Amino acid sequence: MAETFKSGFISIIGRPNVGKSTFMNRVIGQKIAIMSDKPQTTRNKIQGVLTEKDAQFVFIDTPGIHKPKHKLGDFMVKVAENTLNEVDAIMFMINAAEGYGRGDQFILDRLENVKNPVFLIINKIDQVHPDELLPLIEQYKNKYDFEEIIPISALQGNNVDHLLAVLKEHLPEGPQYYPEDQITDHPERFIISELIREKALQLTREEIPHSIAVVIDNIEERGKGGSVFIQATVVTERKSQKGIIIGKQGSMLKEIGQRAREDIESLLGTNIYLELWVKVQKDWRNRPSQLNEYGFNSNEY
């Protein structure tokens with residue numbers, strides 16, 4: 001048994017689509033945060049737990065900090081910003097291929113009053129030539145007093161072990177907050193709904209922006225084999241979006257369901273039956289009652 005045990009909470013912040021969820025899934029070893037090439041895929045604060053023999057990391061994957069355009073956007077930015085002073089360390093992640101942008105300065109301004117160590121994580125180094133990294137590092141060094149600057153590729157795993165070792169050094173001594181086999185604080189219902197939403201985003205591409213939500217209506221075991229029956233509703237804002245998600249003779253909805261079922265079966269370790277419905281809820285992203293119903297409780301932040 002280790003002489004000392006370290007534990008702490010680490011917030012992952014950054015502009016949308018810099019690879020925060022990819023990193024989370026990489027270190028946890030299982031998909032708990034959905035991924036899409038569209039920005040602002042993550043909407044809620046998702047905690048991923050990594051337990052080692054002498055330490056426990058609780059990573060908080062936050063929505064990308066951006067200028068909000070609706071009440072859902074307000075909620076997402078508040079979720080991200082409110083983690084800054086509640087954690088033991090902050091990973092400010094940027095995209096090496098994009099470099100410095102106005103959105104990064106927006107975040108740096110919010111880090112000015114943060115007392116805990118901030119690490120600059122330059123992600124997606126697999127997409128740039130090594131010679132491009134040094135100027136980028138120098139540029140950011142002049143903008144903020146980072147604890148350390150660490151280039152990684154969350155997708156390929158490059159330098160991720162080194163990053164974990166550095167973070168461990170900065171964690172305080174503390175208790176094991178979660179059991180060894182627990183990898184997230186979110187219930188299975190939430191992850192299941194996110195996996196369905198991910199497939200809808202991936203398959204509909206630019207036709208369906210982030211105006212969809214997924215609500216799990218029912219989960220129950222059926223039969224002696226332990227098969228799980230799941231009913232879920234995909235919520236859209238417009239009738240035209242409903243038609244796209246359903247597709248010709250239901251083809252798109254069927255494909256979304258088939259792909260989601262594979263991930264959900266991997267998550268639950270059993271056969272599942274997934275039944276999907278689609279309904280229109282006009283302008284739900286600007287209605288507090290709908291936001292609360294779909295799991296975005298702005299009163300908590």
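Two short exercises on a predicted model follow.

Residues are numbered from 1 along each chain as its sequence is written. Local features need pLDDT of at least 70, side-chain atom pairs count only at pLDDT 80 or more, totals for chains, interfaces and linings use all residues, and side-chain values use heavy atoms, with hydrogens and water left out.

**Exercise 1. The core**

Task: Find which residues have the most contacts inside the largest nonpolar core, and which helix gives the most to this core.

Solution:
- Start with the term. A nonpolar core is a set of buried (under 20% relative accessible area, 1.4 Å probe, protein chains only) Ala, Val, Leu, Ile, Met, Phe, Trp, Tyr and Cys residues joined through side-chain atoms within 4.5 Å.
- The largest one has 28 residues. Those with the most contacts inside it are Ile90, Phe92, Leu111, Val118, Leu120, Ile122 and Phe146.
- Next, the suppliers. Those giving at least two residues each include β4 (89–95), α3 (102–111), β5 (118–123) and α4 (133–141). Helices (H or I, at least four residues) and strands (E, at least two) are DSSP runs, numbered from the N terminus.
- Helix α4 gives the most, with four residues.
- Now take Val118. Leaving aside neighbours within four places in sequence, Val118 is in contact (heavy atoms within 4.5 Å) with residues including Ile90, Tyr144 and Glu147.

**Exercise 2. The sheet**

Task: Give the strand order of the open sheet of three strands, and name its edge strands.

Solution:
- The order is β7-β8-β9, with mixed pairing. Two strands pair if DSSP finds at least two bridges between them.
- The edges are β7 (213–222) and β9 (272–280), each pairing on one side only.
- Strands β7 and β8 (227–236) run antiparallel, joined by nine bridges.
- Val214 has Val234 in β8 as its bridge partner.

Conventions
Buried < 20%, exposed > 50% of the residue type's maximum accessible area, 1.4 Å probe, protein only.
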